[in-house]
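Student: Could you take me through one part of this model in close detail, and then set that part in the context of the whole chain?

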Amino acid sequence: RAAATAGWKTAFVGYATEMAEANVIGLWVDGQAVDQASMGQRVLVVTDRSPFYGESGGQIGDMGSCVTRDADVEIMDAKRPLPDLIAHEGTVNRGTLRVGAACRLLVNADRRALVRKNHSATHLLHHALREVLGTHVRQRGSLVTAERLRFDYSHTGPMTDAEIVAVEDRVLAAVMADRPVHTDELPFDDAVSRGALHFFGDKYGDVVRLVDMGDSKELCGGTHVSRTGEIGLVKVVSETGVSAGVRRIEAVTGPGA
């Protein structure tokens with residue numbers, strides 16, 4: 001509420017870089033706004049710009065570090081409490097962190113790379129499910145972490161072993177094709193005209209981000225690989241029911257596979 005009242009915004013620069021110079025504009029300790037935080041304290045840090053992806057759209061938040069002249073902060077998570085605001089959750093490991101301080105934000109690049117593989121594989125998986133099971137399939141929820149991906153989708157019954165193999169084969173074919181992954185911000189109507197997957201009744205902004213992997217074209221704000229070959233391998237590890245008409249598929253990619 002305080003951030004909204006103050007009109008604070010965080011410019012997300014994480015599509016292009018995993019490191020950025022920024023300024024601390026807000027600090028919280030134990031839910032209270034403070035001017036500074038000392039070594040050992042858990043803190044919520046808001047900056048004017050950030051390369052950290054704030055948890056949203058099923059993709060978990062980034063981890064990394066925030067360093068100023070007087071302090072080191074280990075960032076364990078990043079949230080998006082408002083659409084234009086990123087809050088970094090962490091612990092002060094050295095010195096004193098102060099509001100107004102210039103800082104360097106650095107994302108854990110190895111972990112980000114694993115998340116990217118799983119998020120891009122989710123798009124390929126969604127497309128393959130629609131090819132194998134039918135176009136009634138649509139996303140009902142997702143979770144993308146460094147370790148795995150989870151995708152909930154509309155379908156009437158369990159997948160057969162043959163259907164799971166067919167889905168895996170299609171995803172792996174797209175990975176082996178090493179297709180370039182293009183991302184563009186454009187008006188919603190233009191994205192639809194380029195074949196973006198969308199569903200009647202869902203809410204979209206006037207300007208959307210289109211992630212194009214060849215056959216797979218989806219609207220998405222997450223981080224992705226630059227070519228499908230970077231995903232490496234994809235292995236479905238489970239397919240279960242969640243509720244009436246909703247199934248859940250879990251998979252691993254890259255080193256996890």
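Tutor: **Helix 3 and its surroundings**

The buried residues of helix 3 are I164, A166, V167, E168, V171, A174 and V175, where buried means under 20% relative accessible area, exposed over 50% and partly exposed in between, with a 1.4 Å probe and protein chains only. Helices (H or I, at least four residues) and strands (E, at least two) are DSSP runs numbered from the N terminus. This is a predicted model, in which local features need pLDDT of at least 70 and side-chain atom pairs count only at pLDDT 80 or more, while totals for chains, interfaces and linings use all residues. Residues are numbered from 1 along each chain as its sequence is written, and side-chain values use heavy atoms, with hydrogens and water left out.

The buried residues of helix 3 pack against helix 2 (109-133) and strand 16 (234-243), a contact being heavy atoms within 4.5 Å. Helix 3 has 16 residues and reaches 22 Å from its first C-alpha to its last, close to the 22 Å expected at 1.5 Å a residue, the expected span being 1.5 Å times one less than the number of residues.

Just after helix 3, D178 takes a positive phi of about 50°, although D178 is not a glycine. Most residues other than glycine have a negative phi. D178 lies in the loop between helix 3 (161-176) and strand 13 (182-187), and is partly exposed, with a relative accessible area of 30%. A positive phi also occurs at D30, where the value is near 55°; D30 is in the loop between strand 2 (19-29) and strand 3 (32-34), and is exposed, with a relative accessible area of 73%.

As for the whole, the secondary structure of the protein chain comes to 4 helices and 17 strands. The radius of gyration of the chain, taken over C-alpha atoms, is 20 Å, close to the 18 Å that the globule rule gives for 257 residues, so the chain is as compact as a globular protein of that length; the rule is 2.2 Å times the number of residues to the power 0.38. Along its principal axes the C-alpha trace spans about 60 × 40 × 35 Å, and 46% of the 257 residues count as buried. Residues 24 or more positions apart account for 65% of the contacts in the chain with a separation of 6 or more.
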